[in-house]
Each structure stands twice: as structure tokens, then as C-alpha cells.
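Biologist: Could you pick a single part of this model and walk me through it slowly, from its surface to whatever it packs against? I would like the reasoning along with the numbers.

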Amino acid sequence: MCEAVEKYAENVRLNSLLESIRNLMANMKLGAEQAMNVLEVNEHDREILQKRL
């Protein structure tokens, strides 16, 4: 059960980050890399998020 909760929390965190990236891209006319730089996204998360964009 604990592992399921951790996976859910991670998914929620990544979805929130993805929404922030998309908002920066739309509102500030930034590219994906630029938006991730602004949010200081780490390399591991960048790989995951780039697949979702």
C-alpha cells in the first residue's frame, strides 16, 4: 500500500510540474528547455517530462 501511495504522490508532483511547464511555454512563449530551466527541473525529471510533452 505504501508503494502505491508513493507512486501516486510522484505522479501528482510530475503532473503539477508538467502543467507549470506548459503554462510557461504558453504564457511566456518559452521553449520546453527554457521553461524547465526557469523551474530548475532536475535531469531525471526532465527525461520523464519530455516524454509527456
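**A close look at α1 and its surroundings**

Modeller: Happily, and let us start with a pair of side chains: Glu 3 and Lys 7 sit four residues apart in helix α1, so about one helical turn separates them. Please keep in mind throughout that this is a predicted model. The side chains of these two residues meet in a salt bridge, with 3.6 Å from N to O. Both partners face outward: Glu 3 is exposed, because its relative accessible area is 52%, and Lys 7 counts as exposed because its value is 57%. The cut-off that matters here is 50%, since a residue has to be over that value to be called exposed.

Further along the helix there is another pair. Arg 13 forms a salt bridge with Glu 10, and the closest N and O atoms are 2.8 Å apart. This time the spacing in α1 is three residues, so Arg 13 and Glu 10 are again separated by about one helical turn. Arg 13 counts as partly exposed because its relative accessibility is 37%, and Glu 10 is partly exposed as well, with a relative accessible area of 31%. For the whole structure, the search finds five salt bridges, and the two pairs described so far are among them.

How well does the length of α1 fit its residue count? With 26 residues at 1.5 Å a residue, α1 should span 38 Å, and its end C-alpha atoms are 37 Å apart, so the two values agree.

Now turn the helix over, so to speak, and look at what it hides. In α1, the buried residues include Leu 14, Leu 17, Leu 18, Ile 21 and Leu 24. What do the buried residues of α1 pack against? Their packing partners are α2 and α3.

That brings us to the largest nonpolar core, which has nine residues: Leu 14, Leu 17, Leu 18, Ile 21 and Leu 24, together with Ala 35, Met 36, Val 41 and Leu 49. Two elements, α1 (2-27) and α2 (32-38), each give two or more residues to this core. The most comes from α1, with five residues. Ile 21 makes a good place to zoom in. Leaving aside residues up to four places away in sequence, Ile 21 touches Ala 35, Met 36, Leu 39, Leu 49 and Leu 53.

Next, follow the chain out of the helix. After α1 comes Lys 29, whose phi is positive, near 55 degrees. Most residues other than glycine have a negative phi, so a positive value deserves a second glance. Lys 29 is in the loop between α1 and α2, and with a relative accessible area of 69% this residue is exposed. Glu 40 tells a matching story: although not a glycine, Glu 40 has a positive phi of about 55 degrees. Glu 40 lies in the loop between α2 and α3 and counts as exposed because its relative accessibility is 70%.

Finally, here is a charged residue that is not on the outside. Arg 46 is found in helix α3 (residues 43-52). Is Arg 46 buried or exposed? Arg 46 is buried, because its relative accessible area is 9%, and buried means under 20%. Setting aside residues up to four places away in sequence, Arg 46 touches Glu 33, Met 36, Asn 37 and Val 41. Of these residues, Met 36 and Val 41 also belong to the nonpolar core described above. With Asn 37 there is a side-chain polar contact of 2.6 Å.

Arg 46 also forms a salt bridge with Glu 43, where the closest N and O atoms are 3.9 Å apart. These two residues are three apart in α3, so about one helical turn lies between them. Unlike buried Arg 46, Glu 43 counts as exposed, because its relative accessibility is 56%. Salt bridges that share partners also join Glu 10, Arg 13 and Asp 45 into one network, which takes us back to the Arg 13 and Glu 10 pair in α1.

Terms used: Residues numbered from 1 in each chain as written. Predicted model: local features only at pLDDT ≥ 70, side-chain atom pairs only at ≥ 80, totals over all residues. Heavy atoms only, no water. Core = buried A, V, L, I, M, F, W, Y, C linked by side-chain atoms within 4.5 Å. Buried < 20%, exposed > 50% of the residue type's maximum accessible area, 1.4 Å probe, protein only. Contact = heavy atoms within 4.5 Å. Polar contact = N/O pair within 3.5 Å; in protein donor to acceptor, adjacent residues only side chain to side chain. Expected span 1.5 Å × (residues − 1). Salt bridge = Lys/Arg side-chain N within 4 Å of Asp/Glu carboxyl O.
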